Structure formats: C-alpha cells, structure tokens
Amino acid sequence: MDKAEFGKYFTNIFQDGFIMLSIGLGHDLGLFKVMCEAKEPISSKEVAKKLDFKERYTREWLSTMVAASIIKQDRDSNLYKVPEQYKEIIMTNMGFAPALFSVGMRAKAVKETFKKDGPYGINFNGEEGADFFQWFDGYRTLICDETVDKKILPLLDQQGAVSKLKSGIKVLDLGCGTGNYVTAFAQRFPKSTFIGLDYSEVSLKRCNESKQEKALTNVTFTKCDAHNLPDEWAESFDYVFVYDVLHDLPNPHKALGQIYKVLKKDGFFSLIEIGFHSNPVDNADDKGAALYYGVSTFICLQSSMSEEPHIGYGACWGKENIEKALLDANFKINAKSSLIDIDKEAFFFCTK
Ligand SMILES: C[S@@+](CC[C@H](N)C(=O)[O-])C[C@H]1O[C@@H](n2cnc3c(N)ncnc32)[C@H](O)[C@@H]1O
C-alpha cells in the first residue's frame, strides 16, 4: 500500500470499530430485533416506544446504522427499514459484537499482564469471566443451532458418528462453557447421555439453567479441570467433543492426554479449534486472523498464560501445530476439515 492507500485503510479500521460497538448496542438493547421484526418501514418514535427508550438515543443509533449501510432511511418519510435480505445475516451474526464491551472492561488488567513483573494472565473464573460468559452465551445462542445442524453434524455424519449418537452413546463435552453445544446435542440425540465439563462455576450455573429451560434429562454438568480428569473415567466415553477450548488451556498437551485416557478404545474425538496458520507470517494480510489475535490477547492467551506451565499458544495456535499435537498425543486423525463461522475454524475427527 502506498501512503494514501494506507491512510485510508488505517482510518477505516477506526470506523469499523465504532460501528461494531453500535452493533453491540443494537444486539444488547433489542434494537435489531425490533428492526428485523418490523414488517413495514418504521419511525424512530415507534422503535423507541416499542422498547420504552428515549427517542433521541434511538435516532442516533438508527443514524449510525444508516451511515454504516446496515439500515435504510427514506428521505421523504424519514422511516427506517432493514432490507429483507440483510435480516438473517444480522440476526445470526450480531451476537459477536458485544465482545467489544467485554474486552473493553478487561483493558486495564490486560495492560498489566504485558508488564514483565505484572500478573501472568486472566482466567475465566473472576469478574472478567462472568462478563465474558454473559456475551458469549448470547453469541453462542444465536449461532449454535445452525452450527450444529449445518456444519458439525454433516461432518460427523461423514464419519458414521451420527448413527452412533442416534443409537445411544456416552459423550463428554470438555470445556462446555455455557452449555450451548452440549444441550443442543442432548436435544437432538435423546438416547445418548452427555456430561458437560467446565472449571467455571459461572458458566456451569448458566448450563444448569439451560438444562431446566430445555427440560433435558440426558445431560449433567460437572465442575472439573480439563488437565485432571478423574481416573475412574478411564476408557468410559464413546465420544469426546471439544470446541474452542484447547488453546485456552495452560497445558493443551496434558489435556489431550486426559482426553485419550477417558476415551474408549473404539471411541472418537472431535476437535474444533480456530483454524489459522501456526506461523504468523502465513496469516499476514488476513483480517480474520487479526480479529482472533486480538480476541486472544484479551481472552484466550490470557487464560492459557494464567497458570503453570503458561504454554500460551493463543487462539491462533494454528492448524499445523494442532495436528502435530494430536499426533504427539497418539490420536489417529481420520478427517480434517474447515468450518466457516466468523472465520476459519479447523475440524479434526480422531480415534485412538
Ligand atoms: C471459549 S470457551 C468455549 C466454550 C464452549 N466449548 C463453546 O464453544 O461454546 C472456553 C471454555 O473453556 C473453559 N476452560 C478454560 N480452562 C479450563 C480448564 N482448565 N478446565 C476446564 N475448563 C476450562 C472456560 O471456562 C470456557 O468455558
């Protein structure tokens, strides 16, 4: 890029940052829901009335969205509408935007972790963790069903795993977070039994609420450290599911050893991780990777660095090194693939 091109590129990033903050407000305040549910063009007064908001702030938000080409405003009537073809995209993707509120809250603590004599990292258990799970649950809730039905299950089906889930097997979701995936699986496969495991009490509280809301009887949740699974679980699971967890752990290699331990001899293990390259140079000029390095600096790397041995791979640990770690842990990789979500995610299907 020459100087002029770089100037434009650089300042555009600031524009996108503030637009993302406003998308986060639209998600959290229900503004997008009202706009996407409206059958006809709607005035700022009507939007504000539906939500019991001040019209002036509502109008400022609508103007932001109009300027950002997300909502259209009619010049004569001043009414606003979301183009029909935008609605599904907005409703399924907006949940990521409140991440900015959550990482903003962490900024002071994150700056301290950079310092040589500062803390090592921030785990998912403190005040920051509680805030993380609030937005993460909202984000996962919006994308979970589609990710399971259109992305994960077709890949599992190619390996013959869906028929096993239908017939009834024992499944562990390691690092289940707010339980979105394990409860989605439990709903779809009532003959199988599921254990959702996490070390965060905040996330497990949400998991149990979700279990009640969905009236599920085939899933239980347990508090446990992924690095130290109970010995009595040895060779007891048919399937271990791990989504977006390994790179958060202070020692992913130890956790892989634990997964190997609890998996039955003929069991299978699916791993979904962020799927960029392991060598950062290979991620150059990829804004999707930049997004995840950024998320990692605030969340994932913080968690991985928070405890001994501080391995700290970060979210962009990378598919090449993940593959090597799986092989080093004695897994056979039967299939690898990509899930396209916010950006690339690597999918590995493994057996012993
Ligand atoms: C990015 S979240 C992913 C949650 C879930 N798998 C999903 O995809 O929705 C990472 C999860 O790993 C959990 N976690 C981090 N370190 C852990 C550890 N040592 N033992 C168990 N869980 C851990 C966190 O509490 C968090 O719920």
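1. Polar contact at Arg 140. In this predicted model, the side chain of Arg 140 places an N or O atom 2.7 Å from an oxygen atom of the ligand. Arg 140 is also listed among the closest residues to the ligand, together with Gly 175, Asp 198, Ala 226 and Tyr 243.

2. Further polar contacts. Asp 198 approaches the ligand through its side chain, where a polar atom lies 2.6 Å from a ligand oxygen atom. Tyr 243 takes part through its backbone instead: a polar backbone atom of Tyr 243 is 2.8 Å from a nitrogen atom of the ligand. Of the 590 Å² of accessible area that the ligand has on its own, the protein covers 98%.

3. The shell around the ligand. In total, 20 residues surround the ligand. By character, eleven of the shell residues are nonpolar, four are polar and five are charged. Which helix supplies the largest share of this shell? Helix α7, spanning residues 127-158, does so with three residues. As for the cavities of the protein, the largest is the space that the ligand takes.

4. The residue after the contact at Tyr 243. Strand β6 covers residues 237-243, and the loop between β6 and α11 (252-262) holds Asp 244. The backbone of Asp 244 merits inspection: its phi is positive, at about 60 degrees, although Asp 244 is not a glycine.

5. A cis peptide bond. Glu 308 and Pro 309 are joined by a peptide bond in the cis form, with omega at about 0 degrees. Pro 309 is located in the loop that lies between α12 (287-305) and α13 (319-328).

6. Overall fold and dimensions. The chain contains 13 helices and nine strands. Its radius of gyration is 22 Å, close to the 20 Å given by the globule rule for 352 residues, and the chain is therefore as compact as a globular protein of that length. Taken along the principal axes, the box filled by the C-alpha atoms is roughly 70 × 50 × 35 Å.

Methods:
Residues numbered from 1 in each chain as written. Predicted model: local features only at pLDDT ≥ 70, side-chain atom pairs only at ≥ 80, totals over all residues. Heavy atoms only, no water. Near = heavy atom within 4 Å. Polar contact = N/O pair within 3.5 Å; in protein donor to acceptor, adjacent residues only side chain to side chain. Areas by Shrake-Rupley, 256 points an atom, 1.4 Å probe, with all protein chains shown as cover. 1 Å grid on protein atoms, 1.4 Å probe; cavity = no way out; pocket = protein on both sides within 12 Å on 5 of 7 lines; lining within 4 Å. Sits in = over half its atoms within 2 Å of the grid points. Helix = DSSP H or I, 4+ residues; strand = E, 2+ residues; numbered from the N terminus. Nonpolar A, V, L, I, M, F, W, Y, C, P; charged D, E, K, R; others polar. Rg over C-alpha atoms; globule rule 2.2 N^0.38 Å.
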